[in-house]
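Me: Please pick one part of this structure and look at it closely. Start from a single residue and work outward. Keep it simple, as I am in my first year.

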Amino acid sequence: MTPLQNKQRKGGRGRRAVVAGAVALTLTAGGATAWALDRFVVEHVEISDVSAYQASQAGTMAGTTSDSSSSTSAVATDTSYVSDSSDINISTVTTGSGDSTVTYFVADVVLDDATTLQSAFANNSFGENITETTSAIAEANNAVFAINGDYYGFRDTGIVIRNGVVFRDEGARQGLAFYRDGTVKVYDETATTAEQLLADGVWNTLSFGPSLLDNGQIADGIEDVEVDTNFGNHSIQGEQPRTAVGIIDDNHLVFVVVDGRSPGYSSGVTMTGLAQIMKDLGATTAYNIDGGGSSTMYFNGELVNNPLGENKERGTSDILYIAE
């Protein structure tokens, strides 16, 4: 078992800045304000140098990739990037009209090796309430492409495996596992352990959800799923900005970021609407990750989407990325 396990405590995502402010302002009796600030605002750093920690664990992780960056022969345009290790194509889709307009961004990604898709944490630190923008984390890791991750740092549950290293082993929900062989699978965190997943060849995990597609078909009941059980858990329902990842074939991924809460530009989509987008793109498995103001796509040094119609990113705790 990983030495970094935490005490069990229910976590939640929701509209974090709003939730944190509301809780801090309204729960004023006794130590409630201090609790709320500690729970939702104060940074709790468990590992202050993730790069060094991963390097220290590399010797125990058979086959861990130490450098999956692309060669100098890469060719980039405004919407594409081709290298020895990855082929990335970015497209913009707009549907509907007026207040029903929806704008979303698609990254079609083919990898030579599954470990080319990596993860990074805000401030190169692991813990709770540690945030940076997707762009800042991407730039710090020399990324050519990145999306926001699952915002693991808003909760202390879930299985967190990143770049072949275990950071948390507290199974709580439906997770997504990226395997070294290029496959991607939805799994029940409560039915396994991080160590077993590593033994099975898992390279990265995400802990958010829900699963959007089952064998290419829209999953049942996705409009009623609650990711967490405390403040803000209902914010995943309705038309929202969203981020999703799907798999079309081994080492062939599709990432989608839907802008929202901006009438006339993009209203956002429901969970079912997101699932339909992923199905139409040819994904057989697809998974919802953190959305709202966190939904961000970064490519070749630029912010691709327009978060909340304000061209302003909100901090998040982690990203998935492909290095130059």
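Reply: Start with F154. Its relative accessibility is 1%, so F154 counts as buried. Buried here means under 20%. Keep in mind that this model is predicted. Now take Y151. Its relative accessibility is 6%, so Y151 counts as buried too.

Next, the rings. The count comes to 8 aromatic pairs. One of them is F121 with F126: the ring centres are 5.5 Å apart and the planes meet at 55 degrees, so this pair is tilted. Y151 and F154 form an edge-to-face pair, because their planes stand at 65 degrees, with centres 6.1 Å apart. The cut-off explains the two labels: planes over 60 degrees apart count as edge-to-face, and those under 30 as stacked, so what lies between is tilted.

How exposed are F121 and F126? F121 has a relative accessible area of 5%, so F121 is buried. F126 has a relative accessible area of 0%, so F126 is buried as well. These two rings belong to a cluster. Ring pairs link them with Y53, Y152 and F167. A ring can also meet a charge. K185 lies over the face of Y179, 5.1 Å from the ring centre.

Now move to the strands. Strand 8 covers residues 143–148. It is mostly covered: 6 of its 6 residues are buried. Which strands pair with it? Strand 21, residues 318–323, is joined to strand 8 by 5 bridges, and the two run antiparallel. There, F145 stands opposite I322. Strand 19, residues 297–299, also pairs with strand 8 in the antiparallel sense, over 3 bridges. There, A146 has Y298 as its bridge partner.

Another set of strands forms an open sheet. It has 9 strands, in the order 2-3-4-5-17-16-18-14-15, with antiparallel pairing. Its edges are strand 2 (75–76) and strand 15 (217–218), each pairing on one side only. Look inside the sheet. Strand 16 (residues 242–249) is joined to strand 18 (residues 285–289) by 5 bridges, and the two run antiparallel. I247 has T285 in strand 18 as its bridge partner.

Stay with this sheet and look at T103, which sits in strand 5. Its relative accessible area is 5%, so T103 is buried. What does its side chain reach? It reaches the backbone oxygen of Y265, at 2.9 Å. Leave aside neighbours within four places in sequence, and T103 touches T92, V93, T94, V258, D259, Y265 and S266.

Last comes helix 6, residues 271–280. Its buried residues include M271, L274, A275, I277 and M278. These residues cover an arc of only 155 degrees around the axis, which puts them on the same side of helix 6. Helix geometry helps here. An α-helix has 3.6 residues a turn, so residues three or four places apart point the same way. What covers the buried residues of helix 6? The cover includes strand 5 (102–111), strand 14 (211–214), strand 15, strand 16, strand 17 (252–258) and strand 18. Those strands appear in the sheet order too. After helix 6 comes G282, whose phi is positive, near 95 degrees.

Notes: Residues are numbered from 1 along each chain as its sequence is written. This is a predicted model: local features need pLDDT of at least 70, side-chain atom pairs count only at pLDDT 80 or more; totals for chains, interfaces and linings use all residues. Side-chain values use heavy atoms; hydrogens and water are left out. Two strands pair if DSSP finds at least two bridges between them. Helices (H or I, at least four residues) and strands (E, at least two) are DSSP runs, numbered from the N terminus. Buried means under 20% relative accessible area, exposed over 50%, partly exposed in between (1.4 Å probe, protein chains only). The arc is that of the directions from the helix axis to the C-beta atoms. Contact means heavy atoms within 4.5 Å. A polar contact is a pair of N or O atoms within 3.5 Å; within protein, one must be able to donate a hydrogen and the other to accept it, and residues adjacent in sequence count only if both atoms are side-chain atoms. Rings of Phe, Tyr and Trp (its six-membered ring) pair if their centres lie within 6.5 Å; planes under 30 degrees apart count as stacked, over 60 as edge-to-face and the rest as tilted. A charge sits over a ring if NZ of Lys or CZ of Arg is within 6 Å of the ring centre and within 35 degrees of the ring normal.
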